[in-house]
Amino acid sequence: MGSARYYAARRDIEVTDIMLPIPKPADHPPVPARRVGVLLMNLGTPEATDYWSMRRYLKEFLSDPRVIEVPKAVWWPVLNGIILTVRPGKSGHAYKSIWNEERNESPLKTVTRAQAEGVAAALEARHGGAVLVDWAMRYGQPAVGPAIQRLKDQGCDRILLFPLYPQYSATTTATANDQAFRKLMAMRWQPAVRTVPAYHDEPGYIEALARSVVRHIAALDHTPDVLLASFHGLPKAYLDRGDPYHCFCVKTARLLAERLGWEPGRVQYSFQSRFGKAEWLKPYTDKTVEELARSGKTKIAVIAPGFSADCVETLEEIQFQVKDAFMAAGGERFTYIPCLNDHPDHIAFLADIVERELGGWVEGAGARAARDAEDHVTA
């Protein structure tokens, strides 16, 4: 009743009297039109292959408690006294063998940039300039924090964080999101954020993988006996503590095998890149290819469905180290099937995922911009 009496007493006020635009003060800073932002995030890369560049990158990476779940008092003397003395030279040699000399950067940076440009073009065709796309690396450059700030400065009051890891792990997806959240914690005016979930079993992802396999094998002069899906390894202790990564990898391999429709056993999976003396997820890739060769499977193809872009683990470790192990054990034909990278199938899939996860945001962007223009005020 109180509200009814209030509005009855205010009938003399015209609606236009209370809906007039409020002009901005003369000294009001310029405010860009509101948009929606998308940030693609990948693992990281050194800036160069020399000792000190590699050391800086490895220190940032291996100091992350999400990556190395060992008490700092135990880990730091090992990291700073042994690993960061020896490993930069070895890693630098591996990076140098696959370095993009034309751009003076790692292939991971080259590909991630191309992916961002491809997704941006796809979304531009669908939504005009309502969505802005940027990219960043969890470790190294371009960094996550400045990328979020760039999007915010361009009017993105809503940002979708997209960690480019098909299979969720605390060591990858979670730490990328952590870095974004650290930036948000330091911002006075935060944008709203969403995060893209793992996509290890998305039909579009499995379809893109299967097509890449079919295309690659069709171009060979032989038929591989086995397709080995090699995923980056993880200490088994992480699985025991609840990390779902192993299960997601196995499901990806199973769905890929089902989509290809090959006979049982022709698609197998394994885990690479183990480090240290602790037990890691099994079976190990190097041991698996040796066993395949000794068992008479002398022609194999290897794919890396855990990587959205080719990097040192695929271009150097698989194509050199894993291949050498296979051939030394009696293998005859070895082929590596590249990551999806910026292939049109992959770009279309990534754009579809982004559009789905932006549900409601893109549709409302036009209405928000219209309100801003009508009111003459965006702050």
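**Exercise 1. Determine which parts of the chain the salt bridge between the side chains of Arg138 and Glu60 links.**

Solution. Step 1: the side chains of Arg138 and Glu60 form a salt bridge at 3.9 Å, N to O; the criterion is a side-chain nitrogen of Lys or Arg within 4 Å of a carboxyl oxygen of Asp or Glu. Step 2: Arg138 belongs to strand β2 (residues 131–140) and Glu60 to helix α3 (residues 51–62), so distant parts of the chain, 78 residues apart, are linked. Helices (H or I, at least four residues) and strands (E, at least two) are DSSP runs numbered from the N terminus.

The model is predicted: local features need pLDDT of at least 70, side-chain atom pairs count only at pLDDT 80 or more, and totals for chains, interfaces and linings use all residues. Residues are numbered from 1 along each chain as its sequence is written, and side-chain values use heavy atoms, with hydrogens and water left out.

**Exercise 2. Classify Arg138 and Glu60 as buried, partly exposed or exposed.**

Solution. Step 1: buried means under 20% relative accessible area, exposed over 50%, and partly exposed in between (1.4 Å probe, protein chains only). Step 2: Arg138 has a relative accessible area of 7% and is therefore buried. Step 3: Glu60, at 34%, is partly exposed.

**Exercise 3. Analyse the salt bridge of Arg356 with Glu202 in the same manner.**

Solution. Step 1: the closest N and O atoms of Arg356 and Glu202 are 2.9 Å apart. Step 2: this pair also links distant parts of the chain, 154 residues apart, with Arg356 in helix α13 (residues 344–357) and Glu202 in the loop between β4 (192–195) and α8 (203–218). Step 3: Arg356 is partly exposed because its relative accessibility is 42%, whereas Glu202, at 16%, is buried.

**Exercise 4. Locate Asp286 and Arg274 and state what their salt bridge ties together.**

Solution. Step 1: the two side chains meet at 2.9 Å, N to O. Step 2: Asp286 lies in helix α11 and Arg274 in the loop between β6 and α11, so parts twelve residues apart in sequence are tied together. Step 3: Asp286 is partly exposed at 26%, and Arg274 is partly exposed at 34%.

**Exercise 5. State how many salt bridges the whole structure contains, and name the members of a network.**

Solution. Step 1: a search of the whole structure finds 23 salt bridges. Step 2: Glu207, Arg211, Arg215, Arg259 and Asp345 are linked in a network of such bridges.
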